[in-house]
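Welcome! Here is a short tour of one part of a structure, strand by strand. Take a look at the picture before reading on.

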Amino acid sequence: MKLRKPFKTVVLVLIWGWILLFVLAPNLLVVMTSFLTRDDAHFIRWQATLENYLRLFDPDYLAVFGHSFYMALVTTLLCLLVGYPFAYLLSRLRAGVKPYLLFLVIVPFWTNSLVRTYAMKLLIATNGLVNQTLLGLGWIDTPLRLLYTETAVIVGLFYVLLPFMILPLYAIFEQLRPELLEASGDLGAGTWQTFRRVVLPLTMPGIIAGCLLVLLPAVGMFYVGDVLGGAKNLLIGNVIKNQFLDARDWPFGAAISLLLTLAMAMLLYAYYLSVRLIRRPHAHAELA
Amino acid sequence: MPMLNWLKHAYLWFVYLLLYLPIGVLVFYSFNASKNPYRWGGFSWHWYERLWQNSSLLEAAMNSLLLAVSAATLSTLIGPLTAVALHRYRFRGKRFLNSMLFVVMMSPDIVLAISLLALFILIGVQLGYVSLLLAHVTFCLPFVVVTVYARLSGFNPQILEAARDLGAGDLRALVTVVLPIIFPAVLAGWLLGFTLSLDDVVVSMFVTGPTFEILPLRIYSMVRLGIKPEVNALATVLLLLSLATLIGSQFILTRKGERKT
Amino acid sequence: MTKPPAYRKIRVLVTAALMLQDKQKIIELKGVRKSFGGRMVLPTLDLDIFHGEFVTLLGPSGCGKTTILRLIGGFEQPDAGQVLLGGEDITRLDPNQRPVNTVFQSYALFPHMSVFDNVAYGLRAEKRPRAEIEERVARVLAMVQLEDLARRKPDQLSGGQQQRVAIARAVVKGPRVLLLDEPLSALDYKLRKQMQNELKRLQRELGITFVFVTHDQEEALSMSDRVVVLQEGRVEQVGTPRDVYESPRNLFVARFVGEINVFDVEVCELRDDRHLIGEVEGQRFELHGEISAFASGQRIHMLLRPEDMRLLPEDSERGLPGQVIERNYKGMTLETLIRLDSGKELLASEFFDESDPDFDYRLGERVQVSWVPSWEVLLADETA
């Protein structure tokens with residue numbers, strides 16, 4: 001009890017300080033910057049304007065944003081389709097091997113995403129391994145043009161982000177008690193019905209968490225766009241990066257970033273609502 | 001149904017193949033005697049020798065490791081304390097704090113990157129190790145907090161009461177009871193932070209400076225200019241290092257006789 | 001329910017003599033009030049616990065019994081009032097400063113420590129020398145018959161073994177009072193019975209006060225020197241198990257502590273201090289009890305335990321007519337459910353005697369229900 005007061009104060013000061021300084025303040029800065037004008041020498045000039053937001057509605061930019069979201073969505077869907085069964089099967093394995101297999105999912109991360117993207121490039125380049133194999137097998141005559149396409153970006157994003165889908169799904173499957181599935185079967189439901197009525201609703205929080213962890217970074221991963229997509233397949237991240245590091249138009253970059261943040265906020269709100277809605281039937285399942 | 005079983009195993013293998021194929025390619029080609037990555041020229045350690053001599057690449061790799069270790073460690077010092085505070089104490093703005101942590105966790109890297117860059121420029125932090133460290137801790141922290149908090153939620157509060165009942169003061173109870181029990185979660189949090197830091201490209205590219213070169217930037221420029229097979233060798237080394245570390249940490253955990261939740 | 005009056009008088013005198021002898025109060029709760037988040041759990045509690053006794057706090061869920069235990073242990077602070085230990089005010093003391101130890105409902109063993117380390121924890125916190133710790137831990141582990149398992153971890157033990165570790169851990173520190181929060185609720189029937197005996201034996205061996213919390217009245221009756229019956233934060237009755245069972249002070253206690261048959265009675269005539277004529281189910285009976293507060297014409301209750309009932313054949317003169325609607329053979333006893341012609345249902349219980357055909361009535365058979373005279377308890381009608 002005697003240690004408690006100072007401990008509590010120190011910790012709270014530390015964490016509040018960190019949040020205020022490194023989360024709240026920077027985001028407020030970005031919001032502020034988006035309403036200012038560019039300046040070649042000092043990044044920004046203290047002149048308020050809405051021009052940055054108006055420029056967002058330029059059809060060229062809108063096309064890029066839309067295309068980027070599209071690629072991110074396809075990526076998310078792919079990750080979900082591949083990751084969901086994988087997470088389920090992994091969670092049903094013997095308890096002894098599970099931690100090791102889970103670690104094997106994480107190990108690729110330690111070679112840095114850029115290295116992995118570069119490896120992807122090696123695979124799908126014109127004389128990369130994929131083409132060489134297909135040519136060697138005689139399935140094709142001329143090498144496929146895989147690099148610098150939309151598909152390349154999607155595959156690249158998918159490869160880098162798949163583990164982010166698997167981990168939250170795995171966590172939620174771990175919580176899914178097998179007795180619930182047994183009870184469902186006992187009450188006469190077939191496999192598909194059990195899936196639709198029991199498994200799907202209960203794993204929805206994991207699905208949504210996974211989708212958020214894939215979708216949101218996907219639009220921002222400019223290096224995948226650079227290495228695999230070329231000039232025609234830009235991600236929103238590429239545009240922002242260009243504005244900040246190349247074109248030095250910070251206000252415009254900030255405006256785009258804010259648009260992205262708003263989209264993210266809307267998705268997060270949808271997530272919050274869905275978790276609230278799920279919580280009630282989930283509570284019933286817990287009582288079961 | 002043996003058929004179904006086989007199918008399940010096949011699927012697991014398939015996904016692992018997907019995850020490791022590109023890296024496998026890198027490993028494969030790191031032993032390629034030929035400079036051309038698209039043609040096999042025989043087995044060779046050549047590129048590993050070149051890697052050893054390429055001091056700038058090695059330095060970048062070392063820096064990245066150093067950054068990852070310090071970011072993970074710092075997050076693991078602040079994170080569990082935060083998790084304990086969130087779990088045990090009531091204070092104003094708790095919801096807000098929670099939301100902020102959640103926002104950081106979910107934010108696209110690029111949004112984080114530019115906001116932190118703006119901050120550093122404004123308050124005059126020199127772009128280099130310090131800015132990188134602060135940035136990395138910022139995005140690692142929520143993950144550590146969540147991991148430890150999950151463990152605390154399953155923590156039987158009567159255990160702590162028992163410790164106090166038996167005569168332990170706050171500090172003794174914390175050190176002898178709480179910390180050992182949450183240790184696996186703390187370790188998991190450290191590993192998570194280390195992973196995220198080592199893997200990061202976007203945030204690092206924005207807040208880095210010329211004084212402290214890290215791996216993503218080095219590789220980025222190398223990849224732009226042309227393929228350098230030393231990168232393959234480096235990737236292989238990193239892979240082996242990560243596998244060794246993971247096996248090592250698992251060994252520590254099982255030695256302690258704890259079961260990972 | 002109660003036996004002849006002379007017997008009762010002697011019993012009271014003997015109890016009083018014993019009480020004057022060595023019964024010092026070890027714990028006193030004075031005017032204690034406690035509420036949680038707006039909900040009043042203990043409005044105002046006054047309770048004394050005596051040195052060396054095995055006292056049980058008995059009551060339904062939510063009655064406040066665990067709260068009282070936690071107040072004594074120091075895990076909660078009262079909103080008002082005092083907690084005294086051996087005459088000293090310990091209300092503001094932390095748990096680690098009180099010479100009181102708790103056996104938790106979930107056992108709360110430290111999962112990362114061996115049995116030995118768990119039990120030694122409290123002694124190590126006191127910074128006792130190593131040799132002393134080893135000796136005391138070994139002794140207490142022998143007391144609970146766990147010497148061979150000292151190196152095991154909690155997750156390698158059965159529920160009963162874990163429970164004994166929890167007890168050993170609390171007892172090794174030599175507290176003046178041991179608090180037990182429903183420690184047997186997770187055990188199966190046989191083990192629970194066994195542990196009840198062991199706890200009683202342990203308490204006598206250690207000679208310290210045990211404060212036991214349970215909602216199982218059978219457990220309370222079999223183990224305790226005194227029982228405190230609680231409802232919604234109020235003490236309904238305090239007494240020996242026998243007092244509480246045979247002389248319940250109100251309907252709640254009567255109903256909670258065992259099965260009870262409750263009759264509505266109208267007082268016809270007061271005979272003397274302890275006798276009256278009352279009308280029960282349309283018939284007049286001479287009834288016996290504490291009737292000083294009653295008046296003629298008053299409506300009162302008559303309480304009878306199932307084992308006080310007697311079933312007579314249909315053609316008997318005495319008794320209330322009814323029909324057997326259920327029979328439950330319970331090994332030791334035979335329970336019979338009777339519906340009187342008036343519609344009222346009664347429970348009768350008897351030690352099963354194969355050779356005595358009297359009690360063995362078939363389903364549907366008609367009987368006359370009576371009871372052993374003077375075993376009834378008379379209470380005022382609380383709802384009136």
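## A strand with two covered faces

In this predicted model, β7(C) sends Val177(C), Leu179(C) and Asp181(C) to one side, while Leu178(C) and Leu180(C) point the other way, and all of them are buried. The strand covers residues 177–181 of chain C, and five of its five residues are buried.

Why do the side chains take turns like this? In a regular strand, side chains alternate between the two faces of the sheet.

## The neighbour β6(C)

On to a partner of this strand. Strand β6 of chain C, residues 100–103, pairs with β7(C) in the parallel sense, over four bridges. Within this pairing, Thr102(C) is found opposite Leu179(C), and Val103(C) stands opposite Leu180(C).

Are the faces of β6(C) covered or open? Both are covered: Val100(C) and Thr102(C) are buried on one side, and Asn101(C) and Val103(C) are buried on the other.

## The neighbour β8(C) and the way there

β7(C) also pairs with strand β8 of chain C, residues 209–214, in the parallel sense and over five bridges. Here Asp181(C) has Val213(C) in β8(C) as its bridge partner. To get from β7(C) to β8(C), the chain passes through helix α6 of chain C, residues 189–206, and this β-α-β crossover is right-handed.

Key
Residues numbered from 1 in each chain as written. Chains lettered and ligands numbered in written order. Predicted model: local features only at pLDDT ≥ 70, side-chain atom pairs only at ≥ 80, totals over all residues. Heavy atoms only, no water. Buried < 20%, exposed > 50% of the residue type's maximum accessible area, 1.4 Å probe, protein only. Pairing = 2+ DSSP bridges. Right-handed = clockwise from strand over helix to strand, strands pointing away.
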